[in-house]
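Please open the structure in your viewer and keep the selection panel at hand. The stops below can be followed in order, each beginning with something to select.

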Amino acid sequence: MATGCQGPMSRRGFLTVGALGLGSLTLADLLRSQARADLKNYEAIQATADSVIHIFLPGGIAHQETFDPKPFAPVEYRGDMGSIATKLDGEKFSETLPQTAQLADKLTVIRSMTHGEAAHERGTHNMFTGYRPSPALQYPSFGSVVSHEYGPKNNLPPYVCIPRMPNVYAGTGYLSSAFSPFSLGSDPASQGFRVQDLNLPEGIDDNRFSSRRTVLDSVNSYFREREKSDNIEAMDTFYDRAYSLISSQKAREAFNIAAEPDAIRDEYGRNPAGQRMLLARRLVAAGVRMVTLEYGSWDLHSQIVSGMKNQMPPFDQAFATLIRDLDRQGLLARTLVMVSSEFGRTPKINKDGGRDHWPKVFSVVLAGGGAKQGLIYGSSNATGTEPEKDPIGPEDLATTVYHMMGIVADKELMAPGDRPIEIVDGGKVVKELLA
Amino acid sequence: MIQSTAAFARALRTSLAGLVLGGLTPTVATAGAGGPNAPDLAANAPLPDEPFAPEPAPTAGLVEIQVSPPAIDLTTARDRQSIVVQGFYADGLTRDLTRESAFTAANPDLTVRDGALFTPKADGETTLTVAFGGKSATIPVKVARCATSDPLSFRLDVMPVFLRAGCNTGSCHGAARGKDGFRLSLFGFDAEGDYFRLTREMVGRRVNLAVPADSTLLEKSIGAVQHTGGKRFELGDALYNTVHEWITAGAPNDDVAKLPKVVGVELFPKAGVLDGKGARQQMTVLARYSDGTDRDVTGLALFLTNNDSSAAVSPDGLVTAGERGEAFVMARFETYTVGSQFIVLPKALQFTYPDESTGNYIDELVADKLRKLRIAPSEICDDGTFVRRVFLDIVGLTPTVEEFDAFMSSADPDKRAKLVDELLQRKEFSEIWVSKWAELLQIRTSLTVSYKSMFLYYNWLVEQLSKDMPMDQMVQELLGANGGTFKNPATNFYQTTTETLPLTENVAQVFMGMRIQCAQCHNHPFDRWTQDEYYQFAAFFSQIGRKQGEDYRELIVFNAGGGEMKHPVDGRVMAPKFLGGESPDVAGKDRRVILAKWLASSQNPWFAPSFANRVWAHFMGVGVVEPVDDFRISNPASNPELLEALGKRFTESNYNLKSLVRDICTSRAYQRSTHRNDSNAGDDKNFSHALVRRIKAENLLDAISHVTNTKDKFGGLPLGARAVQIADGNSSTYFLTTFGRATRETPCSCEVKMEPTLSQALHLLNGDTVNAKIKQGGVLDEVMKARPTAEERLTDLYLRCLSRKPTPDELAKLTPVVSQAADQAQALGDVFWALLNSREFLFNH
């Protein structure tokens, strides 16, 4: 519905438009439009990324065992895993990332990410919304804001979660549920993967479907004239989206991972990391604005070495392939890939051979979509305990990512009670991260 | 002992503004900024933004004036009291009459009056009469120890400065790791720690006893040196002077044993109905102490509003009306948050409430609120709408054609109430509530909860609800349960959650509707709960013993008789204390049994209202408190009187669920139409019209099976069982998950998701539920055989699915589709498919 740089369309806006369409502007609507008129206005900014692939590694992945190893720290900090050279002079990654290390010149590694929330759900909230959790208000996620600002393209849903919504903070917050993600409901790595209900049922062809739709419109019209409410409007929106998705062969084909040559599927890896990232690439290539996928379980309070050795190789292979593949297809320049987690892990190895929660400093990786290639931004100190240079908070990261998407994060959206709330409050665009 | 900084803050503001207006002499301003010995001042807050006086308050229609607080009680030379005069008008409006009223003290020698601010002059007692527009009110005045001036206290005088100036908020020094190297406890939950950090952590820096004004605490606060948080107060203002005076006196710590405690805080006026944008009301805040004194803390309280666009509040407590609407204006002082309800109406709005025959007590209370808001409710819905609504709400199914016809053809004027009674007797009614309780009690299998345990627990619940067990007894049995999870399934409550603190939080959330999680780590920022109270409540669960039974899947829960809850800050042993209640004698007793007796009883002020509110929300689509498990001072009931009445009725009926449901379903409020009128179009929480609600996952699937005449097979249940009967939260189907069935992983009301999604639309359009069920059920064959014409066939399907006949317009559109089709049965099947996909079917309305 909302496209480009149009004014804020929110759950309330949604309602008002519905009401206007039916020619009944009420007092309440008037008040709402007044409240909206008080909102800040912005010049449009040019997007450098058309789409975002957000790879979320839940549980809090250790920065030490990935993008920020501390080879010169004492062993209780360094841990038992080694480090390897990367494509960038003098910069090392953990030994868990051999393939990715060879593509370091395509990446933007932020080593000075920091926030103050050491609980999983609070940290996750920070990294999906750019806000600290508030008991008073649910904030919308990146994907829902992107849905709200851009709407669908090429008949595809603007925001897709693979395989499902990774956590509650990936949802719409105070925005209408019309901006919620489309969850695949099954894992592209599984045998016989098929997105549920995308194709017409057996025995129903396009003609029959279109006559069914006509009948449905007749049945709906009575109720539609009589009842107005936010949730009915949202349901209508999703029916409209479903129609466009079902009737577009091209859009449906985006979900068909089986159409990829075997060689490509193997290159990504026939496992959850590989196939999820491959499907994400298919989706952004077809026009999905934001794909959020999660992989693994990184809350390694004990035995971090074996945990990393089990889960990192598929990630390394898939991620490196994703970057290479996007690059090969000319998509990397306009697709932003972001790898994040709710926090990092404690500087010292604990008594169980693991690391505990550590939000004070950790790493986030960006690639493509206008991010500066081959950049290591900021640093943690010698023991990986706190940021040493250029600390960056969730609000700055979110503001920068929105900036790349052409969204001014200081723009206000309308929360219930006609409260204008900034998309992100108080963040700054980190110019150094931009190409 | 007590200093009223409120007075000084206001005095300063008044005098500075006076200078701007040119109306006051510089002497006054200097003196006003000077310190504790506040001088006589000519004017008083509130001050207008514009330099012209607002239009005078009318005297016509004035019914009564009220003076707040209800008494002036001044103790010691430092004490001050500001009063507020509120006028009540015949049309329901209120106005701030403080500045226009005449004040007459019976003995004018006891106090000095400055506008509406009173300071002590001589000990004694008298009265003050306030008059306006022919009405008057008199309050008692008492002055004691007016020659004494007690030293300032760190806890009573200095700590409030940190709260007021915002120093100890979570985004500043109240953060867990502090800010820029300095930490204060969040909202002051740890006074001793704050004292230590101020005076001992960096000796001579934060507090400089030799040169108090050089203390970084003061220099940073006034912006004299670089401060990330900017200027918090002004050199020489009341907040500054308090801190300065305390440091000058040697920054003494308090003798906590002798120190009075705040025992209550009141915000005046308690409510207001403001007439149009720009109308104002000054607030005043009174704190009461354990030594019997009180104090005007208007200048030390933090003012908040939950709806800035309707009623904004200034840092000094001046409420200014904005857009039409409701707002809850709050003041926070110490650990207390108190609030007043404000309603803002468009200026000079003309309104008459429709004359309705009164319904039951619910309707009187709903109407009271709507009259205040000047909202006219929608009319009562027609019979067809009612029968579908009440079937879906009470038994979770749509009426059959026979049930629909029987109701519609009845001429009994009392047929609605009779239908409610009939439905309450059906087993589907208790199944809905079993399912709801199963969500609250998180009945699901897990790594630790075996299928057998879960199943026994579920059946225990079924038994309780099917035999109408009074809710208090059921909850008491649950909380006080001891024994094996197989033999006494109620003990499963203590197997589901085994950690003490989450268990404590779940008990508060499920049975009292409160989220106390915040208070685990610090005083609750938006409610009254302190960290102490949290751990005192948790102490009831500190002696639960658990051991494995003979069968490895069984857990035995028993009273271990030992184990204490310790405060995480200082390791104090916390004695069990009811949340918001007293400390019972628990020596040698099972703490949980004692808690259960209090918790599920009328002594617990939250038990009945919070459960009644859950029931109300089920039928009305929105709670009187919403979300239903977030009772909180800063999240007030939309209609407190209604909530109280529902709780009272529930208690009086011996916690009988059916009688509560009967009250609700027979009220006019429940039976209103969903169609809005001009005045209630913007209202979603005062029950002025019915709300359109998507049908819950389980009920929707059951309804689809019901109208298609098909049977479902769920794991562990016989063919034909309904989705609402699934015992295990951990078992689901694609349909149920997609439509937001609760996973029961937490007891939160947010587990059930009612939001529409793309997957839902796709599943109804293309999925195997609707398409397959139409084929399987044989309804089409039946209709094709039984009804000869297209019109009759359409009518039959409409009645089954939507509980109404098709309109002539619909018949005109759909008849040709069916009658002219090559395959009539197939065309009718498409109509059936469309009916099951229609918004009218998916929503209860």
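## A guided tour by selection

Begin by selecting Gly621(B), which is buried because 22 other C-beta atoms lie within 10 Å, and the cut-off for that word is 20 or more. Bear in mind throughout that this is a predicted model.

If you now show the secondary structure around Gly621(B), you will find this glycine in the loop of chain B that runs between helix H18 (607–620) and helix H19 (640–652). Add Leu691(B) and Arg693(B) to the selection, since Gly621(B) touches both of them when residues up to four places away in sequence are left out. Then add Lys685(B), whose C-alpha is 9.3 Å from that of Gly621(B) although 64 residues separate the two in sequence.

Next, stay in chain B and select strands S21, S23 and S22, which in that order form an open sheet with antiparallel pairing. Strand S21 (483–484) and strand S22 (544–548) of chain B stand at the edges with a single partner strand each, and therefore one side of each has no neighbour in the sheet. Zoom in on S21(B) and strand S23 (residues 555–559) of chain B, which run antiparallel and are joined by two bridges. To see one pairing by residue, pick Gly483(B), whose bridge partner in S23(B) is Val557(B).

From the sheet, move to the interior and select Val291(A), Val401(A), Val329(B), Val831(B) and Leu835(B), the residues that touch the most other members of the largest nonpolar core, which has 299 residues. Helix H12 (residues 304–328) of chain A provides the largest share of this core, with ten residues. Centre the view on Val291(A) and display its contacts, which, not counting residues up to four places away in sequence, are Ile53(A), His54(A), Val160(A), Ile162(A), Ala280(A), Leu283(A) and Val284(A). Another core, of 27 residues, lies apart from the largest one, and its members include Phe154(B), Met159(B), Cys172(B) and Val207(B).

Finally, display both chains and select the contact between them, to which chain A brings 44 residues and chain B brings 48 residues. On the side of chain A that touches chain B, helix H2 (27–37), strand S6 (182–183), helix H7 (206–226) and helix H8 (230–247) each supply at least two residues. Of the elements on this side, H7(A) gives the most, with eleven residues. Colouring this side of chain A by residue class will show 22 nonpolar, 14 polar and eight charged residues.

Definitions and conventions. Residues are numbered from 1 along each chain as its sequence is written. Chains are lettered from A and ligands numbered from 1 in the order in which they are written. This is a predicted model: local features need pLDDT of at least 70, side-chain atom pairs count only at pLDDT 80 or more; totals for chains, interfaces and linings use all residues. Helices (H or I, at least four residues) and strands (E, at least two) are DSSP runs, numbered from the N terminus. A residue is buried if 20 or more other C-beta atoms lie within 10 Å of its own, exposed if 12 or fewer, and partly exposed in between; C-beta atoms are placed from the backbone. Two residues are in contact if their C-beta atoms, placed from the backbone, lie within 7 Å. Ala, Val, Leu, Ile, Met, Phe, Trp, Tyr, Cys and Pro count as nonpolar, Asp, Glu, Lys and Arg as charged, and the others, Gly among them, as polar. A nonpolar core is a set of buried Ala, Val, Leu, Ile, Met, Phe, Trp, Tyr and Cys residues joined through C-beta atoms within 7 Å. Two strands pair if DSSP finds at least two bridges between them.
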